[in-house]
Amino acid sequence: MICRYKFFYLFLLTVPFFNILGLKFGNAIVQTFILSFFFLTLLLFRQQRIRSGWFAPFFLIFGLVICLLLSELHSVINLGRSNIDSIRFFGLFIPVLLFYILSYNPRVFAEKYWNKLLRFYILVFSLSIMIDYYILHSALDISLQPMYREEDWSYVTRPFGITGQPSVNSVLLVFFYALLLSRGSFDESKLFFLLMVIGVLLQGSGSGFIALLILLNVMFVSFNWFIRVFCYFCGLFFVFQLVKQFKLFNKISFEYISRLIDVFMWQIDDWIILVKKSEPIISVLLGGVSSGIDFGPLYFMSNVGLIYSIFFLIFIVMSAAKAKERYEKSAILILLVGNLHYPVM
């Protein structure tokens, strides 16, 4: 008999490569593969009993679904167009989560495969950045990067990595390592810490640097105060030297952050102008009038509405509150902070 958890684990090993397959061969092949996996799982394995602990999350999930339905009705009736692309982008996790709840016991999967999966993800993400960095800084054609797209001209000076987006690559890399730390000690994951740090540095994303600083701060909490102070001073000196010699951290410089805030304010003003041309109050509550993508929270709210955003934030806060380990909590914080500039989450 096929083990349902091993079947799921093998499927998750292929997930990081979906973007490459979609770019090279079209999304139809990825969608077919995913649907085939869902169908086989439902066909081969009996569904799990829903545990009482899921009742509160189910209430929130039901609220999220209602918000998305209202967003689509508003877009069709008041704006004269469908909002299905935004609903798919921000709401596809709902059927995936329900499928997971009904098909698997998370504790069983975590005990058997979670650590192995996280190590694999860290390895794949970091190696993809390193390989693309080598291509970018060698005599090779930069279009050899698997996720290279000529139209993404603003990314051509940095590795495209396995997702094709610098913020996503580096923030998820730190996120995966934070989860790995939550299930073991630093001594057991030194190699993956090194891979994670190298990946973030080579990727050159400001969101990734901030995510890494958050994680390092949480890691230092376990040290006594003398070691913490010593590490902070050494870290500041190291960062200063990197900035001075290689300008690796220009993405979190005061000048860059000031320009980024200007971009955020411009996108807010631009979105307000667009909303005033539609049904202002309903569009704020239910979405359908998209802002620019560079300001994550506004992009989220403008597409699917303020009500959906509040429900989603409650869902995330509940997840953080349920987390029993500080690295799990920091992993969720890292996703939230990483979402400020680009919709990483």
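This tour moves through a predicted model, from a pair of helices to aromatic pairs and a buried serine.

Begin by selecting α1 (4-14) and α3 (27-44), whose axes come within 12 Å and cross at roughly 175 degrees. Because an angle over 145 degrees counts as roughly antiparallel, α1 and α3 are described as roughly antiparallel to each other. Show the side chains where the two helices touch: Phe7, Phe8, Phe11 and Thr14 on the α1 side meet Phe33, Ile34, Phe37, Leu40 and Thr41 on the α3 side. Sorted by class, this contact of α1 with α3 has 7 nonpolar and 2 polar residues, and no charged residues.

While α1 is on screen, add tyrosine 9 and lysine 116, where the charged end of lysine 116 sits over the ring of tyrosine 9, 5.4 Å from the ring centre.

Next, select helix α6, residues 93-103, and colour its buried positions, which are Ile94, Leu97, Phe99, Ile101 and Ser103. To see what surrounds them, display α1 and α3 again together with α4 (55-79), α5 (84-91) and α15 (306-322), since the buried residues of α6 pack against each of these helices.

Aromatic pairs are the next topic, and the model has 35 of them. One involves phenylalanine 99, which forms an edge-to-face pair with tyrosine 104, at 6.2 Å centre to centre and with 75 degrees between the planes. Both partners are buried, phenylalanine 99 with a relative accessible area of 11% and tyrosine 104 with a relative accessible area of 0%.

For a pair with another geometry, go to phenylalanine 264 and phenylalanine 295, which are stacked, 4.3 Å centre to centre with 15 degrees between the planes. Phenylalanine 264 lies in helix α12 (residues 254-276), whereas phenylalanine 295 is in the loop between α13 (280-286) and α14 (296-304), so the pair ties together parts that are 31 residues apart in sequence. Here too the two rings belong to buried residues, with relative accessibility of 13% for phenylalanine 264 and 17% for phenylalanine 295.

For the last stop, select helix α16, residues 326-338, and centre the view on serine 330. Is serine 330 buried or exposed? With a relative accessible area of 4%, serine 330 is buried. Leaving aside residues up to four places away in sequence, serine 330 touches Ala178, Leu215 and Val218, and these can be selected with it to show the contacts.

Notes
Residues are numbered from 1 along each chain as its sequence is written. This is a predicted model: local features need pLDDT of at least 70, side-chain atom pairs count only at pLDDT 80 or more; totals for chains, interfaces and linings use all residues. Side-chain values use heavy atoms; hydrogens and water are left out. Rings of Phe, Tyr and Trp (its six-membered ring) pair if their centres lie within 6.5 Å; planes under 30 degrees apart count as stacked, over 60 as edge-to-face and the rest as tilted. Buried means under 20% relative accessible area, exposed over 50%, partly exposed in between (1.4 Å probe, protein chains only). Helices (H or I, at least four residues) and strands (E, at least two) are DSSP runs, numbered from the N terminus. A charge sits over a ring if NZ of Lys or CZ of Arg is within 6 Å of the ring centre and within 35 degrees of the ring normal. Contact means heavy atoms within 4.5 Å. Axes are lines fitted to C-alpha atoms, for helices over the stretch in contact, and angles run from 0 to 180 degrees between N-to-C directions. Angles under 35 degrees count as roughly parallel, over 145 as roughly antiparallel, 65 to 115 as roughly perpendicular and the rest as oblique. Ala, Val, Leu, Ile, Met, Phe, Trp, Tyr, Cys and Pro count as nonpolar, Asp, Glu, Lys and Arg as charged, and the others, Gly among them, as polar.
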